[in-house]
Amino acid sequence: MKKILISACLVGDKTNYKGEGNYHPLVDQLKLQYDLVLFCPEVEGGLKTPRLPNEIRGNQVIRKDGKNVTDNFVSGAKKALALCRYLGIDTAVLKESSPSCGSSLIHDGRFIGHKIKGEGITTRLLRENGIKVYSENEIEQLLK
């Protein structure tokens, strides 16, 4: 069965910044067609759960209290890419709007809930290396 990388929170793992999961009901159907490889780049990059919110501002990822956590996000992205290469994964389903995993939308860096077009750190690195990235809003495209 083909392997795909998936944000661990979409399967229900409590890895988001609130220490909660973002379970998506179509994951159960994905499991029937794919071997899911769960991964949270933020946790793998050294961030704890729960944690303060983080948003992309320019080329940096800033925590709500002003701390620059870009290195954690880059580390997690590199680990995601290494895992994909090791397992021969060419497709990922990642959490939309996340500073790591957003595939078309991210928060604008002002911590006011406003979203803008953009990509998360992990999404960008995976795409630069030829890996197709879908958001949870696009799972149906993979369920053909």
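The largest nonpolar core in this predicted model has 14 residues, and Ile 6, Leu 30, Leu 36 and Val 93 make the most contacts inside it. Strand E1, helix H1 and helix H5 (139-142) each give two or more residues to this core. A second, separate core has 13 residues, among them Val 37, Ala 92, Ile 131 and Val 133. With these two cores in mind, let's walk through the strands, a few individual residues and the largest pocket.

**Around the cores**

- Leu 30 is a good place to start looking: leaving aside neighbours within four places in sequence, its contacts are Ile 4, Ile 6, Leu 36, Val 93, Ile 139, Leu 142 and Leu 143.
- As a general background point, nonpolar side chains in soluble globular proteins tend to be buried together.

**Strand E1 and its partners**

- Strand E1 covers residues 3-7 and is mostly covered, with 4 of its 5 residues buried.
- E1 runs parallel to strand E2 (residues 35-39), and 5 bridges join the two.
- Between E1 and E2, the chain passes through helix H1 (residues 27-33), making a right-handed β-α-β crossover.
- Within the E1 and E2 pairing, Leu 5 has Val 37 as its bridge partner in E2.
- E1 also pairs with strand E5 (residues 91-94), again in the parallel sense, over 2 bridges.
- On the E5 side, Val 93 is the bridge partner of Ile 6, while Ala 92 stands opposite Leu 5.

**Strand E5, face by face**

- Thr 91 and Val 93 point one way from E5, Ala 92 and Leu 94 point the other way, and all are buried.
- That pattern is worth recalling in general terms: in a regular strand, side chains alternate between the two faces of the sheet.
- The two cores can be read against these directions: Val 93 is among the residues with the most contacts inside the largest core, whereas Ala 92 is included in the second one.
- E5 is also joined to strand E8 (residues 132-135) by 4 bridges, and these two strands run parallel.
- In that pairing, Lys 132 of E8 stands opposite Thr 91.

**Leu 83, on helix H3**

- Leu 83 sits in helix H3, which spans residues 70-87.
- Its relative accessibility is 23%, so Leu 83 counts as partly exposed; the cut-off for buried is under 20%.
- Not counting residues up to four places away in sequence, Leu 83 touches Leu 5, Val 37 and Phe 39.
- Two of those contacts, Leu 5 and Val 37, are the bridge partners described above for E1 and E2.
- Leu 83 and Leu 125 are separated by 42 residues in sequence and by 13 Å in space, C-alpha to C-alpha.

**Ser 103, in a loop**

- Ser 103 lies in the loop between E5 and strand E6 (105-107).
- Ser 103 counts as buried because its relative accessibility is 7%.
- Beyond its neighbours within four places in sequence, Ser 103 is in contact with several residues, including Glu 96, Glu 119, Arg 127 and Glu 138.
- Its contacts also include Val 133, Tyr 134 and Ser 135, and E8 spans residues 132-135.

**The largest pocket**

- The volume of the largest pocket is about 550 Å³.
- Its lining is made up of 31 residues, and Asn 16, Tyr 17, Ser 97, Ser 98 and Pro 99 lie nearest the centre.
- Helix H2 (41-44) and strand E3 (54-57) each supply at least two residues of the lining.

Technical notes. Residues numbered from 1 in each chain as written. Predicted model: local features only at pLDDT ≥ 70, side-chain atom pairs only at ≥ 80, totals over all residues. Heavy atoms only, no water. Buried < 20%, exposed > 50% of the residue type's maximum accessible area, 1.4 Å probe, protein only. Contact = heavy atoms within 4.5 Å. Pairing = 2+ DSSP bridges. Right-handed = clockwise from strand over helix to strand, strands pointing away. Core = buried A, V, L, I, M, F, W, Y, C linked by side-chain atoms within 4.5 Å. 1 Å grid on protein atoms, 1.4 Å probe; cavity = no way out; pocket = protein on both sides within 12 Å on 5 of 7 lines; lining within 4 Å. Points joined across faces, edges and corners; volume = space filled by probe spheres on them.
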